[in-house]
Amino acid sequence: MISLKKNDKIIVIVAVVILVIAGVGIAMYQSPKTSNVPPSTITSEKNYDVTWAIRNGTLTTISEFAEKKSPYQGTVMIPEGNVKSITFNLSWTDDHMTFMKRMGLDSLTLDVTTPDGRTFSDTSTSAAITGEGTITYTVSTGIIPPVTPIKANNEKEAQGKLKGTAYYDESWANKNININVSVQIGELRIMKKLRDKGNDFDLKITYQYYDGALKEDTTKNTGGGSNTPPNDPWAEQEKPPYISMIINTGCGRYV
């Protein structure tokens, strides 16, 4: 057996320590992590939540005269899409009442045909004493725009999609709404009936429509802007026993 000198023993011990440190360093080394997200799923699209507010609009008041032999006929259009409802308010004052303003009361009839082919007709008689009369009717379109979030690269693109057919219903926008106002003279006496030519009236038309707004949803990750690190393959595994691997295999790398 070869006996080692004191200096030789020190050199051997130092060499062993260096080897152990080098082995531990190799064992602790891990290759850089790379994203495990497939390239085909990476996208820069953002999510935009859609909300709808109900706005009010008013058309120019129609002030016309309905003759007893020639009804008023006209058309109006709503300049907005996503129309929720339209209200027609016809008002008038009988100008030829007789016998203490209780006789000869005229009756007016309002007929409306909507863009979807529906028709509405209502008749009302002037009130005694005041001679005033009104007809009010509201038609609902049945339009309810969706609230499905929009995916887009930016807000401008999202606004374009908000004005698309999926979110913007133009079936009532700028379409003819036909209106007919007729009068039935209430006076029975011939001379007074001849003098009553008809009635002035005012037709006020108001409408409600849905106005869309967008808000970027920053809580949802679409795959491209994530700051979340990829899954660690070691997360659910027990760390390998580095020292025993060095002793048994001479290597600290885990294969």
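**Strands, charged pairs and rings**

In this predicted model, Leu110 stands opposite Asp122, a residue of strand β6. That pairing of positions is a convenient place to begin. Strand β5, which covers residues 107-113, is joined to β6 by 7 bridges, and the two strands run antiparallel. Both strands belong to an open sheet of 4 strands, in which the order is β3-β9-β5-β6 and the pairing is antiparallel. At the edges of this sheet stand β3 (72-76) and β6 (119-125), each of which has a single partner strand, so that one side of each is left without a neighbour in the sheet. From one strand to the next, the twist of the sheet averages 15°.

From the sheet we can turn to the aromatic rings, where strand β6 appears again. A pair of aromatic rings is described by the distance of the centres and the angle of the planes. In this model the count of aromatic pairs comes to 3. One of them is formed by Phe120 and Tyr137, whose ring centres are 3.4 Å apart and whose planes meet at 5°; because planes under 30 degrees apart count as stacked, this pair is stacked. Phe120 lies in strand β6, whereas Tyr137 lies in strand β7 (residues 132-140), so the pair ties together parts that are 17 residues apart in sequence. How do these two residues stand with respect to the surface, buried or partly exposed? Phe120 has a relative accessible area of 13% and is buried, while Tyr137, at 25% relative accessibility, counts as partly exposed. Another of the aromatic pairs is made by Tyr207 and Tyr209, with ring centres 6.0 Å apart and planes at 35°, so this pair is tilted. Tyr207 counts as buried at 7% relative accessibility, and Tyr209, with a relative accessible area of 16%, is buried as well.

The charged side chains offer another way of following the chain. Side chains of opposite charge can pair when their charged atoms come close. Here the count comes to 3 salt bridges. One of these joins the side chains of Asp211 and Arg55, with 3.3 Å from N to O. Asp211 lies in strand β10 (residues 198-217) and Arg55 in strand β1 (residues 46-58), so this salt bridge ties together parts that are 156 residues apart in sequence. Asp211 counts as partly exposed, at 31% relative accessibility, and Arg55 counts as partly exposed too, at 39%.

Where does the salt bridge between Glu157 and Lys161 lie in the chain, and how are its two residues separated? Both residues belong to helix α2 (residues 155-162), and because they are 4 residues apart there, about one helical turn separates them. Their side chains meet in a salt bridge with 3.8 Å from N to O. Glu157 is partly exposed, its relative accessible area being 29%, and Lys161 is likewise partly exposed, with a relative accessible area of 36%.

There remains the salt bridge in which the side chains of Asp116 and Arg118 meet, with 2.8 Å from N to O. Asp116 counts as partly exposed at 42% relative accessibility, and Arg118 counts as partly exposed at 36%.

Conventions
Residues numbered from 1 in each chain as written. Predicted model: local features only at pLDDT ≥ 70, side-chain atom pairs only at ≥ 80, totals over all residues. Heavy atoms only, no water. Salt bridge = Lys/Arg side-chain N within 4 Å of Asp/Glu carboxyl O. Buried < 20%, exposed > 50% of the residue type's maximum accessible area, 1.4 Å probe, protein only. Pairing = 2+ DSSP bridges. Axes fitted to C-alpha atoms, helices over the stretch in contact; angles between N-to-C directions. Phe/Tyr/Trp six-rings, centres within 6.5 Å; stacked < 30°, edge-to-face > 60°.
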